[in-house]
Every structure is written in C-alpha cells, then in structure tokens.
Amino acid sequence: MTDHAPTPPAAPQFGAERLSVAPMMDWTDRHCRYFHRLMTRRAMLYTEMVTAPAIVHGPKARLLDFSAEEHPVALQLGGSDPAELAAAVRIARDWGYDEINLNCGCPSDRVQSGCFGAVLMERPALVADCVAAMAAESPVPVTVKCRIGVDDQTPEEVLPRFLETVAAAGVRHFVVHARKAWLQGLSPKENRDIPPLDYDLVLRMKVRFPELTICLNGGVTRLDQARGLLAQGLDGVMIGRAAYQEPGQVLIGADALWGEDFAPDPVAVVRAMLPYVEAHLAGGGRLHQITRHMLGLFHGRPGAKGWRQVLSVEGVREGAGPEVLLAALERITAPTLAA
Ligand SMILES: Cc1cc2nc3c(=O)[nH]c(=O)nc-3n(C[C@H](O)[C@H](O)[C@H](O)COP(=O)(O)O)c2cc1C
C-alpha cells in the first residue's frame, strides 16, 4: 500500500458518474474503497463524509490520505459555512480527489445540530453560497448529494427550486437520494428506509433540467435495476448498502455499464488484496480494519457463512494476519475440507 498525500489530480475519467458507490460513514473508508476498486475500474467511489471543521482543525493526513489505486474517488464534505468549506477544499486539493461533494442529505442529529446535511434542503441560497465558495478553490467539479425534501416540504416544489438555485451557483452534477428525510422522530437508519422512494420525481428532474447531470440514489440493489434507470434517461445511479453488503453481486460486472467486460473472480479479488493487507499490517494496522469490509463478498455462494465466520472470529484476534484470509478463502474454494 502506498500513501498518496499529496498526489496530483488523476486524469479525468469520462462518465464515472454512471455508477457510484455512496458515501457511507464508518463503511467507505480507504480500505473499503481499495477493495471495491478491485471489482470495478470505472465506478466513482465516495469517501465517508468528512466535516469541513475536521479538515481545517484536525489530522489532515488521517482524514484525507488514500491510495492512488482508488481513483476515481470523490471526497464528500459536510458543513454549511462557505468560508470554512472553501478552506477545507483548499487543503484537500493537494490530495488529488477527482470530485468534491457537499452533503445535503444526511439526517443524523449530530449533522443537524451543526446545520448541515439534509437540513440544508431548507436553505438553498446558503447551499449556493457554499458551493460557489468551494468551486472557487476546487480544480475538480463540485457536486451535491441531496434528498427530495425534508419534513413537510412538498418535493415537487422544493426539489426543482433547490436544483435551480444551486445550479445557478455553478453545480452541474447532483445525486438525489429519492426520498425525504424526516428530521424529527426518525433515526438516520429509519430515514434510509421509511420515507417512500419517489424515482419518478427524480426522472422528471432530468427532463426539466436536461443540462444537469442527475444521478439517482436510494433502494437500488442490482445492476439490472441501475441499467433500467440509466435507460430511462438518468445520468447515473449511486448504490450504497447493497454495494457494501453484497459487493460481489453489485460491483463485479458493473463495468459492463461502460461497455467493458472486466469482471474478476471474487477469489482472485481476495488474492489481490493480500499485498495491500501485508503492507497495512507492516505499517502497524490490524487485519480486521480491512477484512470487515469483505464479509459480504461471497454472499449467496456456498461457503459464504464459513468465510464470514473465520474472518469475524479469527480475523479480530491480536496479531491476525494474511493466513486468516487464506483460511477463510478455503471455506469457499474447498468447502468440504473445512466442513
Ligand atoms: C452506514 C451508512 C452511513 C452513511 N453515511 C453517509 C454519509 O456519510 N454521507 C451521505 O451523504 N450519506 C450517507 N449515507 C447514506 C447513503 O449514502 C445513501 O444515500 C443511502 O444509504 C441510500 O442508498 P442505498 O439505498 O443504496 O443504501 C449512509 C448510509 C449508511 C448505510
């Protein structure tokens, strides 16, 4: 594993927005993204949300370092202070991310209290100020991830106004999580499942704003579904939980969306992780920090339970190394031996 802080921006990759893996706190860290990249060369991979104050005041390398192999990779920022967001972008630009995204969709309490995330759906003019300040510091596109509305807002009115106002500040690329966030009374987890999905509204936004790149997020679990939404005119589909929980099903073969036949065998993906794992351990890291993201790789395949078991029992032990990964792999490649 190589550290790449700072790196020059990568060559822009055409059309990476067609499929992306969503920003997910505690999940899409650099190890997860490295693993996902072994399954798709083309999809855009988003970081976890990093708040602007954390970047300005906190441990920059820990928050921003990533491996060059992860490209194309988008940094998601949280915040609502234009000057602070601009300062965060100014710092982060040396790292060479391919896109900077502003989180206007996350409903957690912590995020609301700082006035950022989904509560920004109520303040499109402030979002416009934020993205304008960010774009002034960014050599790469500034994009926005939002909801269709919050609480008792009427999405049919609020979403087009939001897109119009923020686009006027220069944003060309939106990812719309196709459900409202209810800021009172629902946990963040419930807010990803309970408010109903409205794909039709997102499709109508593409018709209304054909010049904008509109990507849909929420509830997509299979590549066929993504292909269907792209065929209806959307520019991209972002997949969150399914990509993380069943990466073999969702990400292997995804490059067909770009007409490419790259589709590695999941066993080969595990083997390809070994040098990365060894470098991480040599640097003082723990096996589980990487393998926790790999538990779902063989989902639905004979031996998947054994694979998960070995990784989650043996993989967390002090001093666990690549031999645990190889032992777990035997549950897949030689399930009868390990039974
Ligand atoms: C564990 C977890 C953490 C998340 N963290 C973030 C985040 O940091 N920023 C963000 O914009 N959305 C976050 N989300 C929401 C996802 O990006 C996505 O919008 C949501 O899961 C819906 O997509 P899906 O149905 O494909 O999972 C998170 C979701 C999960 C499951």
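How far apart do the C-alpha centres of domain 1 and domain 2 lie? The answer is 30 Å. Keep in mind that this is a predicted model.

Let me start with the layout. The domain assignment splits the protein chain in two. Domain 1 covers 16-258. Domain 2 covers 266-338.

Now the contact between them. Domain 1 puts in 12 residues, and these meet 13 residues of domain 2. Where do the residues on the domain 1 side come from? Two helices each supply at least two of them: α1, residues 30-37, and α11, residues 247-251. The top contributor is α1, with 4 residues. What is the chemistry of that side? By class, it holds 7 nonpolar residues, 4 polar and 1 charged.

Next, a helix pair. Take α7, residues 155-168, and α8, residues 199-208. Their axes are 11 Å apart, and the helices pack at about 40 degrees. Roughly parallel would need an angle under 35 degrees, and roughly perpendicular starts at 65. So α7 is oblique to α8. What is the hand of the crossing? α7 passes α8 in a right-handed crossing.

Which residues meet there? From α7, we have Pro155, Glu156, Leu159, Pro160 and Leu163. From α8, we have Leu201, Met205 and Arg208. Sorted by class, this contact has 6 nonpolar residues and 2 charged ones. It has no polar residues.

To recap, we have two domains with centres 30 Å apart. α1 gives the most to the side of domain 1 that touches domain 2. And α7 packs obliquely on α8, with a right-handed crossing. That's it from me.

Notes. Residues are numbered from 1 along each chain as its sequence is written. This is a predicted model: local features need pLDDT of at least 70, side-chain atom pairs count only at pLDDT 80 or more; totals for chains, interfaces and linings use all residues. Axes are lines fitted to C-alpha atoms, for helices over the stretch in contact, and angles run from 0 to 180 degrees between N-to-C directions. Angles under 35 degrees count as roughly parallel, over 145 as roughly antiparallel, 65 to 115 as roughly perpendicular and the rest as oblique. A crossing is left-handed if the near helix is turned anticlockwise from the far one by less than a right angle, and right-handed if clockwise. Two residues are in contact if their C-beta atoms, placed from the backbone, lie within 7 Å. Ala, Val, Leu, Ile, Met, Phe, Trp, Tyr, Cys and Pro count as nonpolar, Asp, Glu, Lys and Arg as charged, and the others, Gly among them, as polar. Domain bounds come from an automatic or database domain assignment.
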